[in-house]
Amino acid sequence: MALEIERKFLVDGEFRHLVYNSSRIRQGYILTGNGKTVRVRLRDDRGYLTIKGPSDRAGLARYEFETEIAASDALELLAICEPGIIDKTRHLVRSGNHIFEVDEFYGDNEGLIMAEVELHSEDEPFEKPPFIGREVTGDRRFYNSHLRRNPFRLWRDTL
């Protein structure tokens, strides 16, 4: 397993002119509980199965295992996922030596735009692009597995 270390931010500014690649993602969850998730993802025409362990106390790091599966298998697995499929476009933006993944959500999470950056260590410095807003690392409301059960439309006015 690999250790995933990432920081998440709300997007508070225009980013589209900086995007160098975008892909559509649909994902669902077969199992969620005790901070662990089993996720099925269809990214454009490629399928993935991901298992994630619980986050550390700061919400920065967690174990992650991911493997590519046939797109047809991903479609079949999405049909048996728990209710609440996540639908989003992922935009890639370079900033210094890092790539920020900017997720623009649709459906019940319409209006939510988040950016995350993966790091090699929890204290690794990185250059924030100008569209980065409030940090939400460790705030479980912004986990995709939480957004499928408690979508942004239900609590957006609390921000």
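This passage describes the salt bridges and the strand pairing of a predicted model. Residues are numbered from 1 along each chain as its sequence is written, and side-chain values use heavy atoms, with hydrogens and water left out. Because the model is predicted, local features need pLDDT of at least 70 and side-chain atom pairs count only at pLDDT 80 or more, while totals for chains, interfaces and linings use all residues.

The structure contains 14 salt bridges, a salt bridge being a side-chain nitrogen of Lys or Arg within 4 Å of a carboxyl oxygen of Asp or Glu. One of them joins the side chains of Arg16 and Glu104, with an N to O distance of 2.4 Å. This pair links distant parts of the chain, 88 residues apart: Arg16 is in the loop between strand 1 (2-11) and strand 2 (19-33), and Glu104 is in strand 7 (residues 98-105). Strands (E, at least two residues) and helices (H or I, at least four) are DSSP runs, numbered from the N terminus. Arg16 is partly exposed, at 41% relative accessible area, whereas Glu104 is buried, at 16%. Here buried means under 20% relative accessible area, exposed means over 50%, and partly exposed lies in between (1.4 Å probe, protein chains only).

A salt bridge is also found between the side chains of Arg39 and Glu66 (3.1 Å, N to O). Arg39 belongs to strand 3 (residues 36-43) and Glu66 to strand 5 (residues 61-69), distant parts of the chain that are 27 residues apart. Arg39 is buried, with a relative accessible area of 7%, while Glu66 is partly exposed at 39%. Strand 5 also holds Glu64, and Lys52 lies in strand 4 (residues 46-52), so this pair ties together parts that are 12 residues apart in sequence. The side chains of Glu64 and Lys52 form a salt bridge at 3.4 Å, N to O. Glu64 is buried at 19% relative accessibility, and Lys52 is buried at 10%. Elsewhere, Lys88, Arg90, Glu101 and Asp103 are joined into one network by salt bridges that share partners.

In strand 1, 8 of the 10 residues are buried, and the strand is mostly covered. Two strands count as paired if DSSP finds at least two bridges between them. Strand 1 runs antiparallel to strand 5, with 4 bridges, and Ala2 stands opposite Glu64 of strand 5. With strand 8 (residues 113-119), strand 1 shares 6 bridges, again in an antiparallel arrangement; here Lys8 stands opposite Glu116. Strand 9 (residues 132-135) is joined to strand 1 by 2 bridges and runs antiparallel to it, with Val11 opposite Ile132.
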